[in-house]
Amino acid sequence: MIAFTDIVGMDLAKQALMLLAVDSELGGVVIPSAVGSGKSTLARAFADILPESTPFVELPLNVTEDRLIGGVDLEATLATGLRVVQHGVLSKAHGGVLYVDSLSLLDSSAVSHIMDAMSRSEVLVEREGLSEVHPAKFMLVGTYDPSDGEVRMGLLDRIGIIVPFTAQNDYRARKKIVNIVMGTRDAEDTQDELNMLAGFIKAAKEQLPHVSITDDQIKALIQTAISLGVEGNRVDIFTVRAALASAALAQRSDVEDEDMKQAIKLVLIPRATRMPEREAESNEAPPQEELPPPPEDEPEGEDEEAPADTSDSDAEEQQKETPDMIEELMMEAVEMELPDNILNISLASKKKATTGSRGEALNNKRGRFVRSQPGEMRSGKVALIPTLISAAPWQETRRRDSKMAGRPKTALLITKDDVKIKRFRDKSGTLFIFMVDASGSMALNRMRQAKGAVASLLQNAYVHRDQVALISFRGKQAQVLLPPSQSVDRAKRELDVLPTGGGTPLASALYLGWETAKQARTKGVTQVMFVLITDGRGNISLQSTFDPTAEKATKEELEKEVEALSLSIQADGVAAIVIDTQMNYLSRGEAPKLAQKLGGRYFYLPNAKAEQIVEAALSF
Amino acid sequence: MTQTEPVAKKTAAKKPVAAKAKAESAVKKKKSGLAFPFTAIVGQEEMKLSLILNIIDPRIGGVLVMGHRGTGKSTTVRALAEVLPFIERVAGDTYNRTVEQYLEAEDGKKGGKAIDPATLKVEQIPVPVVDLPLGATEDRVCGTIDIEQALTSGVKAFEPGLLAQANRGFLYIDEVNLLDDHLVDVLLDVAASGKNVVEREGISIRHPARFVLVGSGNPEEGELRPQLLDRFGLHARIITILDIQKRVAIVKLRREFDENPDAFMEKYNAEQQALQQKIQTAKDLLPQVTMTDEVLTDIAKLCMNLGIDGHRGELTITRTAHAHAAYKGETVVTMQHVKEIAGLCLRHRLRKDPLETLDAGEKIDRELAKVLGEVEAV
């Protein structure tokens, strides 16, 4: 086991965990990081800096609902004939740490239960005849690889600290890690360092109640949250707590600028939904009704968007009383962190195209059994254990009754009422991935049609448990505008800004669509359908998406690339339709060819209405 | 076994604990930490008003609170318990029934003997607020056979579930849009009939289950099933507060509460009681509140212009406006009252148009202005 102090690199993650150790009310720490960065080693080493005997419970990904929440202990119930309670994992973590590796792969119902426990600090067990409340106040430490997908926003909202994404440790740091793994470090040194660190944290905890923060400082933190378009008010409390904990770690009694910067870095920036504006207009609070628009998704446009260097004289016209000095400082902190981070965090989905895939290995979760419910023997798969649990306490009485009725003796008396059938999570409908060609002159038209079709599909999605995603492709590469979602609200919001024009990176769209499909499958989606709205003429290669210095691909190369991808996608069991909305005389037959390669159908719908597109998608 | 001591200790700690006696677990349930006081919650007036109006008149049909994460949805609902008025029930009755309801259901049941109402004790209890967790199983929601009793005394007795506890009170579901379909079916059934029917192990139970359904959630996590959406009388929307002063106040209040919850509660005691009293007064006033035919006509016009199907829209507005007037201490419903609650009542009943850009609230306001304009013109 590698000790906390032996881990090299990941400094921010370490700081984050130390803050959590000082103030458990921060709720938890999430560490997004690429494979092999040592994030899970670090998370497990977190126990080193906590007081001895603090519970540290690791949550297995395939946890069932009754193991998570608690329920009837079958063995003990059978042995005693009395209903015996088995505490769940959430309650076992009470007073300590709940650790989840690969947090983004956790089943959505498990996520809901964790969220619920975190908001109550306890678990309500209302199951199988039990009605109990178990205390469950824990810190959640989660690590995940962003290429596996996002963590649900609702859960992130309950976790105070999100460590900015780190792709890889640098070479030297890795070499050091290897040395440690090989046992070249002195065990005594390690122990001394650990003791020292534990001492720091203990002292910081004692200091914490004596740290104060001024109203102006609180104001500045909140102003920063608003500038970054962070949703919700709970995050304010986390930000303030993080600043206080940071000051406590430094044995200060007042919060200073560096504590505020630390809080902004670890709490606010990872939740940013837009770039801050530096000028006075940023202080005019956006209208209450609407959330600020998402940031322009153009990495290459970043430079132009950076605020122009203007004098501070305008700032005097600000209506807010927030002291300019503090605010200035905060904005600096934000700007220093932003360019690298805002585009890299899990919350920004556009990064996915370039990260590797690991999702496949975890595909076996498809249609996983999560809970049982009463039902007819023939109406589904019988869940054996829950059926036994429900029959167990009755055996004595039933045996007596059966004897009295003169029926032959049987080992087990199970009645119709006991039968529980299995419920599978996400026997979900289809994921429709719309891929819309946003290049060229007809782009606006196509985007409008696609938007209508997406919204219209979502209106009816509930019935079939369908989901919709939208990928647009233009310029150098495709991007996910709407990750798989059932939410009409979200779709409307995300689709509001639709850039158009530029080249046609068809292969990139197919690739990104395939990645999205794979990720969705690890979360229980079984059927995926591509709805391509394009004339089928790609002119930007996938190669050039990854490597900007690559030479311009020839027509043959482009075709080959699309063909190879299409065949793989088809072989992977993804259905597809291609809708061509281009006027006929322009078409050179590329779209039907694309449909053929994908093993899908081709529709020619000039001036298609949203409804026609939906009809085509559903008819297939 | 050659286990070392600490390991052995661990397994001992892991040993399952036998289920506690029922009475004890009921007591334990009530004692789950202090809730943040309702009157200390800053902003989110729409949600607070919706909840209060439902206390004044439970027939309004509940509230659905949807909106941004981390905006105090569940904090507010859980804070509600402290400002609820009291109701009278037959002492110890698990279904919270009044004497009349109790007699109607139980009279003549026990060996055919009539129950003498004079022997029934009554007690005052705060309006119950029951939390339905997402992981609840059907048997705990609807009730089932009490296994312990069956085993120890051989009697097949019914063990009431959450629906029984919630009778005449509030049933709260956080993340209601993530509730299992199976449980949604159960809820829809019960909400429509006001009764819960359980048949199991050869016994058949039917008990009243009328409750104010309160749900909350974030629309981005998933849509609510249309039938369930329709069940909610009011739909409050909640958004991130962008006013800095308010947000600073929230942070400071929360910190004060976390530091010393008891002292904090003490500080808000008077306000809490005043609100509780105000609600009770409004409840008492409600039967005297009247509405003119003109106002009713305007309400009907509004619903018609908005193309709302059925009559639930009108009915909800009417009831809510009455409660709102009573809350303001007035006995005649005016269009001003209607105006203030129309959005809450109708937002979720508008027909959905995928390409509509206008917010539901704005649309209602626009139609309302038209109706009101007509009134002035006449």
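What follows is a walk through the predicted model, from its two chains down to one sheet and one helix pair in chain A.

To begin with the overall make-up, chain A is built from 24 helices and 17 strands, while chain B has 16 helices and 14 strands. Of the 620 residues of chain A, 49% count as buried; for chain B the figure is 41% of 378 residues. Contacts tend to span long stretches of sequence. In chain A, 80% of the contacts between residues at least 6 apart join residues at least 24 apart, and in chain B the corresponding share is 76%.

Confidence in chain A is uneven. The mean pLDDT comes out at 75, with 72% of the residues at 70 or more. Among the elements of this chain, helix H5 (residues 89–92) of chain A has the highest mean pLDDT, at 95, and helix H13 (residues 302–305) of chain A the lowest, at 38. Two stretches deserve a word of caution. Over residues 279–322 of chain A, pLDDT stays under 50, and the model shows 52 contacts beyond four places in sequence for this stretch. Residues 338–368 of chain A also stay under 50 throughout, with 77 contacts beyond four places in sequence.

Turning to the sheet, 5 strands of chain A line up in the order E2-E5-E8-E1-E9, making an open sheet with parallel pairing. Its edges are strand E2 (56–58) and strand E9 (161–162) of chain A, each of which pairs on one side only. At the E2(A) edge, the partner is strand E5 (residues 97–101) of chain A, and the two pair in the parallel sense over 3 bridges. Here Glu58(A) sits opposite Tyr99(A) of E5(A).

Strand E1 (residues 28–32) of chain A is mostly covered, with 5 of its 5 residues buried. Its side chains split between two directions: Gly28(A), Val30(A) and Pro32(A) point one way, Val29(A) and Ile31(A) the other, and all are buried. E1(A) has a partner in strand E8 (residues 139–144) of chain A, running parallel and joined by 5 bridges. In this pairing, Gly28(A) faces Leu140(A) of E8(A). E1(A) also pairs with the edge strand E9(A), again parallel, through 2 bridges. There, Val29(A) stands opposite Ile161(A).

Next comes a helix pair further along the chain. Helix H11 (residues 234–249) of chain A packs against helix H12 (residues 257–268) of chain A, with the axes 8 Å apart and an angle of about 135° between them. H11(A) and H12(A) are therefore oblique to each other. The crossing of H11(A) past H12(A) is right-handed. On the H11(A) side, the residues that meet the partner helix are Val235(A), Phe238(A), Thr239(A), Ala242(A), Ala243(A), Ser246(A) and Ala247(A). H12(A) contributes Asp259(A), Met260(A), Gln262(A), Ala263(A), Leu266(A), Val267(A) and Leu268(A) to these contacts.

Key
Residues numbered from 1 in each chain as written. Chains lettered and ligands numbered in written order. Helix = DSSP H or I, 4+ residues; strand = E, 2+ residues; numbered from the N terminus. Buried ≥ 20, exposed ≤ 12 C-beta atoms within 10 Å, placed from the backbone. Contact = placed C-beta atoms within 7 Å. pLDDT = per-residue confidence, 0-100. Pairing = 2+ DSSP bridges. Axes fitted to C-alpha atoms, helices over the stretch in contact; angles between N-to-C directions. Parallel < 35°, antiparallel > 145°, perpendicular 65-115°, else oblique. Left-handed = near helix turned anticlockwise from the far one by under 90°.
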